[in-house]
Amino acid sequence: MGAAAQVDSVGAKTARAEDAPERRRVRRPWFLPEGRLLSGELWQQRHRGLTILLWIHVPALFVYGVFRDATPQDAALQVAILVVPATIALVPMLGRNVQSASTSLGLVIAASILVHMSGGSIEAHFQFFVVIAFLTLYQAWLPFLLALAYVIGEHGVLGAIDPRAVYNNPSDIAHPWKFALIHGGFVLAASVANVLSWRLTEQEALHDGLTGLPNRAFLLDSLTKLLGSRGRRNSAVLYVDLDNFKNANDAFGHQVGDELLIALARRLEGQLRAGDVIARLGGDEFAILLTDTEDRAQVHATAKRLLTAFGSPVRINDLTIVAGASIGVAFTEDADTAENVLRDADLAMYEAKRDGGGRVAEYRPQLHSAAVRRAELEVELRAALSEDQFVLHYQPIVDLRTERIVGTEALVRWQHPVHGLLGPDEFITAAEMSGLIVPLGGWVVREACRQTAAWALLTPDRAPLSVAVNLSPVQLLDRTLVGTVAEALHDSGLEPSRLCLEITEGSVIKDFDAIMPTLCALRTLGVSLALDDFGTGYSSLSYLKELPVNSVKIDRSFVHDLDASTHNGKIVLAIIELAHALGMSVTAEGAETNGQLDTLKAMRSDHAQGYLLGRPVEHWHIERRLDEQRPQSCSTTAGLPTQRNPGRESVVSPGGNR
Ligand code: C2E
Ligand code: MG
Ligand code: MG
């Protein structure tokens, strides 16, 4: 089970926000469409089709009139009326309402002319049903209602003045208004089917199928209307992302995940006012458009209230799940378009997540510039990968008993065409966020294995080196990792036990359940695992016992101030003894002075790594070091650096130990 999702199979009593809805939302009758505007392009397409249909009626009705024994002048006069609305419909500057009303009126007038010309034939009246059906394509009330009103009005008025122009049945002719209403009633009834289909299309296009909430398109449409009608004041968008949805989904299955989303959607609805729009944007993301807000403080208070609502447990079957959420807030007055308001709220939500989740963050312009920088960096990283701009530097790891190099840690660098050699701190986070760490990390494993196997061939007279490669949490969650490692070992011919994969405590603990099978599969390949930067994370001893790791690397922050009598000294000694007791070996990172090295030896650390023993360097420096360590040139200090003053600390310093 994920750390975030709690199961209570005995059915603990839970606080249920849905039991106490604050304010109910007023909804329109379910069967009526909202009357959402079509996008500009779609509206143009449909309007063009309907206007062409109207224009086709002009020659067609003329021919029909002449065919029905009208004189050509008479037929032309009747048909000429149609040219007026058909022409108005062609003028874009009149706007959607006028244009669609014209086409609509034109089409029903055409139906009336057909009825006239046919002498009130009942079959000709069917044309009205066809017109009504076509007019629903506008998905707007105005042309639709106009056509209905016209049918009733025209049949009543003209039926009263000249009944034979509209009806050919004696009882209809005797009671024109009565039959105009009956006629209108039937047209209205026929319209119900059209309205329902319009409603369903709209529902599908503008709502989320799972929760029934409005979707992104609906939200953006509402926001656009709001920005247009009231300017940019007094409204805000809250972007909500569940913190632990993935865990719940993985642990309990998609069915439970879906039910959780539905329950949370209902809970959200119960927390908000009529007029606020709650949308599901997809996955576990929701957005809320708050209108008519008093001030920013009120928006923050609402966001906090929602956090509390999300934080209280949800019961699904016999499970109790706590989801938790992160909320980003953006105010409409800080952006110019609906898309930008939503984007800003999204950026703020990411900020809330970066701060650990379960909190509210407000948009700041810096978030946008940082996102732009990240996006640019991502593009550059992609290019760097395909153009082989990454290089590996290797930092020696020394056995403290023999004082010889027994392995290296492979540390990635980016040979940037403009900025020069960049250290991992400058790009690993961006690579992780974009997912590019997967191909990049794959390359690191392959290259480190290839290089280490090549060293073994170069120095057959000494024990082959091992290599440590850092794995990011994102790689650990990637399904291709085990295959990538197996392939790298196979292709390079490196003995699996010579590859050590370094993981950090934080990454393992956060997704313990998901990562454990991967770690076990890696161990099955025969590679070893090390817990990197030990002491800086949670350092949970119970996890240390459960993890299939072979060694721990003590973080350099402890080694920095290392004296057996200091706190750090006591911590390092305790870690070494604990690791040994659990059958693990220990590497101390960041050894910079002889004093530290002596203390580490006295504490029986197995290995050490640090600037004193060698900075991260390109492969040929390591080859030179190995050459110096050949048996014939071996002295008692073989393997220890010639440089006793390591100089200024630098992340990227090829050849710094020379
Ligand atoms: P790390 O795995 O803890 O690597 C050790 C870091 O400590 C290296 O920094 C190394 O240059 C530095 N270091 C070693 N000895 C000393 C010392 O005596 N004094 C000081 N002040 N620093 C020392 P680097 O190369 O900048 O790497 C930083 C971090 O970037 C690494 O920490 C690792 O977490 C990450 N990283 C590096 N390469 C990769 C990679 O290929 N993949 C992933 N996912 N992360 C990497
Ligand atoms: Mg490391
Ligand atoms: Mg480390």
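At 25% relative accessibility, D533 counts as partly exposed in this predicted model, because the value falls between the 20% limit for buried residues and the 50% limit for exposed ones. E589, by contrast, is buried, with a relative accessible area of 10%.

Both residues belong to a metal site. The magnesium ion (ligand 3) has as its protein donors D532 (OD), D533 (OD) and E589, the last of which is listed with two OE entries, and these donors lie 2.0 to 2.6 Å from the ion. Along the chain, the donors of this ion follow the spacing D-D-x55-E. Because D533 lies in strand β13 (residues 528-534), while E589 sits in the loop between β15 (585-588) and α24 (594-602), the pair ties together parts that are 56 residues apart in sequence. A second ion is also present: the magnesium ion (ligand 2) is 3.9 Å from the magnesium ion (ligand 3), and D532 coordinates both.

Turning to charged side chains, the structure holds 18 salt bridges, among them the three listed here.

| Salt bridge | N to O distance |
|---|---|
| K225 and D221 | 3.9 Å |
| D241 and K353 | 2.8 Å |
| K353 and D243 | 2.7 Å |

The pair K225 and D221 is contained within helix α9 (residues 216-230), where the two residues are four positions apart, about one turn of the helix. Within this pair, K225 is partly exposed, with a relative accessible area of 37%, whereas D221 is buried, with a relative accessible area of 17%.

K353 takes part in two of the tabulated bridges, one with D241 and one with D243. In the bridge between D241 and K353, D241 lies in strand β1 (residues 236-242) and K353 in helix α13 (residues 338-354), so the pair ties together parts that are 112 residues apart in sequence. In the bridge between K353 and D243, distant parts of the chain are again linked, since K353 is in helix α13 and D243 is in the loop between β1 and α10 (245-252), 110 residues apart. As for accessibility, D241 counts as buried at 7%, while K353 is partly exposed, with a relative accessible area of 27%, and D243 is also partly exposed, with a relative accessible area of 26%.

Elsewhere, salt bridges that share partners join R296, E333, D334 and E362 into one network.

Key: Residues are numbered from 1 along each chain as its sequence is written. Chains are lettered from A and ligands numbered from 1 in the order in which they are written. This is a predicted model: local features need pLDDT of at least 70, side-chain atom pairs count only at pLDDT 80 or more; totals for chains, interfaces and linings use all residues. Side-chain values use heavy atoms; hydrogens and water are left out. Donors are N, O and S atoms within 2.8 Å of the metal (3.2 Å for Na, K and Ca); water is not among the atoms, so sites may look incomplete. Buried means under 20% relative accessible area, exposed over 50%, partly exposed in between (1.4 Å probe, protein chains only). A salt bridge is a side-chain nitrogen of Lys or Arg within 4 Å of a carboxyl oxygen of Asp or Glu.
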